[in-house]
Amino acid sequence: MASPVLLCVGLSHREVPIAVREQVAVSADDLPEKLRRLKAIPGVREAFLVSTCNRLEIFSVADSRTVADDLLREVGPAGAPHAVVRSDDDALTHLFRVAASLDSMVVGEAQILGQIKDAHETAKLHGAAGAYFARLMAKAQSAAKRVRTETQIARGAVSVASVAVQLARKVLGNLAGRTVLLVGAGEMAQLAARELHQSSASELLVANRSSARAEEIAREVAGVAVNLAELPALLERADVVLCSTGAREPVVTHEMMVRALKARRYRPAFLIDLALPRNVEPSVNELENVYVYDMDDLERVAAGNRELREQEVARAEEIVREELAALRKADRERSAVPVLARLREHAHGVAKSEVERTLAQLAALDEKQKKAVQAMASAIVNKLLHGPTSRLREEQGGPLAEAAAELFGLAEGPGADPVANPVANPPEGEAADVLPISGRK
Amino acid sequence: MLAARRPLCNQSEAMTTALVHIALSAYVAAAVFFLVWLVRPQRPAAPDATSRLVSAGRAMLLVGVVLHLASFAAARAQGGIATAGLGGDEWRGGQLFSLLAAVTVAGYLILDFRYKLPVAGAFVAPFTVAVMVPAHLVQTGARQFAPSLTHSAALALHVGAAALGSAALGLAFALSLLYLLGEKQIKNKHPGRLFSRLPSLDLIDRAGWRLSVWGFAFLSIAIATGSLVSKESTGASFPLQPKEGFAVLAWALLAALIQARLVAGWRGRRVALLVVAGFLLLVGTYAGLFAAPPQASTLSMLVPGGG
């Protein structure tokens, strides 16, 4: 059987604009079916899928790299031409960086770790992820927690919610006396709404398709539930509108906003669209005194934050490298143990068979003499293996363990299953195998 | 510089000139502080250094405007020569621009005290220097007022209102430019370096609106009193000259702007564009001073080379 590989196929805010991401996003309702399809792909051993506003990533342990083509099809026709395929060590590094929020739109934001954990738990629940990803996720979470506790990247205006509030202040100035309208139930929008309310915005209105849900969110964010059917009238009133519904069509249209703007006598309005697909028609931003920011736009502002925290990001990257090195070392140690066991088993097996053959020819020996011969053979094996065993233990496996396995024909065996650590020793030159699909050969 | 070119009449005039030159140096220093603050990268690690630059800029402007106004007082005390002139017998070239610069700086300091607008200081300080330098380096002869205007209250009111109106509209113009720049950056979602320095669009809009209203009020007074001054000096209440034409156009545009804001609720970008247009028309009024024949307008005597 070919050596299994760790694969990551996906795209993020770095590769594609929101217009593409909204076409490939997988909703929570569709996720179980998607996981079932991933698991059904021939050659896929384990898989999990992360779908957030900013990325769609499929992680998989597969029998071969060719499985990446099937995974790409799962990204969909709109996303596949832009998707990036990563394998082995590079896929592992990517997982760690994503979990540590180093690849996030707003570096240091805390939500991505929770989203990855949720994605993994869902995959476990549906039988798509198993022991391999369980171990990997534990390590990735540990690295992410170190990054948060040992660096300052999470400090300051680093969440999307904070950036949105900062922009609202840039347009509207003092938020005292302003009305905030929250449309939908997105977690990030709720965070932003809370922050706006805490910035002395006087009124927080919560509109939702379900009035019960609106009441529930309103209680959580200390707002007032309103009827979503009254949205045109609510737009006349609201200075900041936060949209995060799961609607497939725009909730706030150009025409609706034109009427609202006239009714509000051209008072400026700031619309934050955190939904995917977008809830606000892009052309609304062309209206005078109306400013619409979607997830991609917030990225541009967040880029400034990244610049300011370069040193902290460098330290966080260093932590991720340390954690990856620790994981690889542990994997090598794990891989060395079975090689040693098999080597000893092999040598003692050879000695035993040779002793038995010799003893059969020396029938005159009594039991004591036979035991002496057996002990001698065992001692010879032990003395011969002492040096190699010590070296293998010192080297913690790695190339030496592979060489020993190859030299003595020890590759087959229960401990040799590379699915346990497909990234322990990535082949030379394959670690940087990050090719956009268009660049694949 | 100027002192070397212009023969000093007496010790008092030398003091006046020295005050103006010190004020000009303070304006230059303020411009440097504000511009360094504007162009240097923002360093959150050293906010004190940033605020020190702004504080130094404000202090220099304050020192400059106090000395500048003191020079007007000194000139008035010595009988109207040099930089002051109001109520005296004659004006020297550039006096109006000098007065305009002083009033603009004073207006900015009040605005900054009220709204905290250091970014506008980065426009006002260099503008002041740009106005002051030619006003004091260009060598022009003193012009005598028409005898009927020597102690005309209407002239004093006219010049004062024109200076205050021009300063208010100049500041509104600067804020409108800032608004248009900031609005473009927010609209296009490409916040540049200026973005972090700018106050909110709402604050710029409100401050610009108030200045426009003040500018309109003073411009109305200046036009009305200008008509009286013109009648006193030439006999014609409203001579048809480019200066007057531009002034009336600027006034009409500002009136329309105020009407649109109050009745239709116009604000933001289109109001900023109207203020820019209004100020450019006002600049046309000053350009009209140069174009007008000496006898056609009283104020033609107040500009470098006028009359």
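Start with the largest nonpolar core of this predicted model. It has 107 residues. Select L242(A), F270(A), L298(A), L61(B) and L175(B): these touch the most other members. Next, colour helix α6(B), which gives the most to this core, with 15 residues. As background, nonpolar side chains in soluble globular proteins tend to be buried together.

Now zoom in on L61(B). Which residues are in contact with L61(B), leaving aside its neighbours within four places in sequence? Show Y27(B), A30(B) and F34(B), then V105(B), Y108(B), L109(B) and A125(B).

Move on to a second core, separate from the one above. This one has 62 residues. Select C8(A), L11(A), L92(A) and L327(A), which are among them.

Then go to the surface. Select M376(A), I380(A) and L384(A). Together they make a nonpolar patch of about 330 Å². To place M376(A), display helix α14 of chain A, residues 367–395, where M376(A) is found.

Finally, colour chain B by pLDDT. The mean for chain B is 78, and 73% of its residues reach 70 or more. Where in chain B is confidence lowest, and where is it highest? Helix α1(B), residues 2–5, has the lowest mean, at 43. Helix α6(B), residues 153–188, has the highest, at 89.

Two stretches of chain B call for care. Select residues 1–8 of chain B: pLDDT stays under 50 there, and the model has 12 contacts beyond four places in sequence for them. Then select residues 295–307 of chain B, where pLDDT also stays under 50. For these, the model has 49 such contacts, beyond four places in sequence. Where pLDDT is low, the predicted coordinates should not be read in detail.

Definitions and conventions: Residues numbered from 1 in each chain as written. Chains lettered and ligands numbered in written order. Predicted model: local features only at pLDDT ≥ 70, side-chain atom pairs only at ≥ 80, totals over all residues. Heavy atoms only, no water. pLDDT = per-residue confidence, 0-100. Helix = DSSP H or I, 4+ residues; strand = E, 2+ residues; numbered from the N terminus. Contact = heavy atoms within 4.5 Å. Patch = residues over 30% accessible without salt bridge, like charges linked within 9 Å, V, L, I, M, F, W, Y side chains within 5 Å. Areas by Shrake-Rupley, 256 points an atom, 1.4 Å probe, with all protein chains shown as cover. Salt bridge = Lys/Arg side-chain N within 4 Å of Asp/Glu carboxyl O. Core = buried A, V, L, I, M, F, W, Y, C linked by side-chain atoms within 4.5 Å. Buried < 20%, exposed > 50% of the residue type's maximum accessible area, 1.4 Å probe, protein only.
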